[in-house]
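Got the viewer open? Here is a short tour, one selection at a time.

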Amino acid sequence: MILAVMDVAGRAGVTSLTRRLVRIGLAALTAVLVALGVSADILRLRLEPETYADTLRYVNTATEGPPVPAIVTILVLIGIGAALWRRAGIAWLCLGSVTMFVAAAAGFAHFWIGNLGELVLQCGIAATLTAVATRTPATTPAPQPAPETA
């Protein structure tokens, strides 16, 4: 998500996100976050059954502490969303990311609230993509007919 919204915000006029060093930095951060997530959620995976609201689900009992990759990702999305809102007047990414952040915190009490936050975040990203697509002209011009010669 970081790389996708970085590109979309850059196309919408957040010029700092088009700088090579910023793009490389965000790509490196994304790679580190993916590696941390793979380490915590795949390599050390230990599923245990748990019941919630008369349903059976499985949780990873090997995880320790907060989900750092998810938290950092949402904070970066909030930052990019705020810049996009300020620069281009498109608030959807920022609002969806803030909603996800709040819903994730509330999700510790009821996990379905976190799922609702994910839905709001994805809707915010989709609305941002639509807003940028309708405001940004196509990068490749339509082909023009060849001039007629006599």
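Start with the whole chain, coloured by secondary structure. From the N terminus on, the elements read α-α-β-β-α-α-α, which gives five helices and two strands in the chain. Keep in mind that this is a predicted model.

Now zoom out and turn the chain around. Along its principal axes the C-alpha trace spans about 80 × 30 × 30 Å. The radius of gyration is 20 Å, whereas a compact globule of 150 residues would come in near 15 Å. Switch on a surface if you like: about 10,000 Å² is exposed, and carbon and sulfur atoms supply 66% of that area. Buried residues make up 27% of the 150 residues. As for contacts with a separation of 6 or more, 53% of them join residues 24 or more positions apart.

Next, the charged pairs. How many salt bridges does the structure hold? The count is three.

Select Asp7, Arg11 and Arg23 together, since these residues are linked in a network of salt bridges. Begin with arginine 11 and aspartate 7, whose closest N and O atoms are 2.9 Å apart. Both belong to helix H1 (residues 2–11), and because they are four residues apart there, about one helical turn separates them. Arginine 11 is exposed, with a relative accessible area of 52%, while aspartate 7 counts as partly exposed at 27%.

Stay on aspartate 7 and look across to arginine 23: their side chains meet in a salt bridge at 3.7 Å, N to O. Aspartate 7 lies in helix H1 and arginine 23 in helix H2, so this pair ties together parts that are 16 residues apart in sequence. Arginine 23 is partly exposed, at 29% relative accessibility.

For another salt bridge, select arginine 57 and glutamate 50, whose side chains meet at 3.1 Å, N to O. Arginine 57 is partly exposed, with a relative accessible area of 26%, and glutamate 50 also counts as partly exposed, at 33%.

Back to helix H2, which covers residues 20–43 and holds valine 38. Select Val34, Val38, Ile42 and Leu43: they form a nonpolar patch on the surface, with about 390 Å² of accessible area together. Click on valine 38 within that patch and you have a partly exposed residue, at 32% relative accessibility.

Now show the cysteine sulfurs. How many disulfides are there? The count comes to zero. Select cysteine 94 and look for the nearest cysteine sulfur: it belongs to cysteine 123 and is 16 Å away. A disulfide would need the two sulfur atoms within 2.5 Å, so cysteine 94 and cysteine 123, with 16 Å between their sulfurs, do not make one. Is cysteine 94 buried or exposed? Cysteine 94 is buried, with a relative accessible area of 8%, whereas cysteine 123 counts as partly exposed at 46%.

Last stop: tryptophan 112, which sits in helix H5 (residues 111–135). Show its side chain and you are looking at a partly exposed residue, with 47% relative accessibility. Then draw a distance from the C-alpha atom of tryptophan 112 to that of threonine 130, 18 residues apart along the chain, and the viewer should give 27 Å.

Key:
Residues are numbered from 1 along each chain as its sequence is written. This is a predicted model: local features need pLDDT of at least 70, side-chain atom pairs count only at pLDDT 80 or more; totals for chains, interfaces and linings use all residues. Side-chain values use heavy atoms; hydrogens and water are left out. Patches are made of residues with over 30% relative accessible area and no salt bridge: like charges are joined within 9 Å, nonpolar side chains (Val, Leu, Ile, Met, Phe, Trp, Tyr) within 5 Å. Accessible areas come from the Shrake-Rupley method with a 1.4 Å probe; for residues, only the protein chains shown count as cover. A salt bridge is a side-chain nitrogen of Lys or Arg within 4 Å of a carboxyl oxygen of Asp or Glu. Buried means under 20% relative accessible area, exposed over 50%, partly exposed in between (1.4 Å probe, protein chains only). The radius of gyration is taken over C-alpha atoms; the globule rule is 2.2 Å times the number of residues to the power 0.38. Contact means heavy atoms within 4.5 Å.
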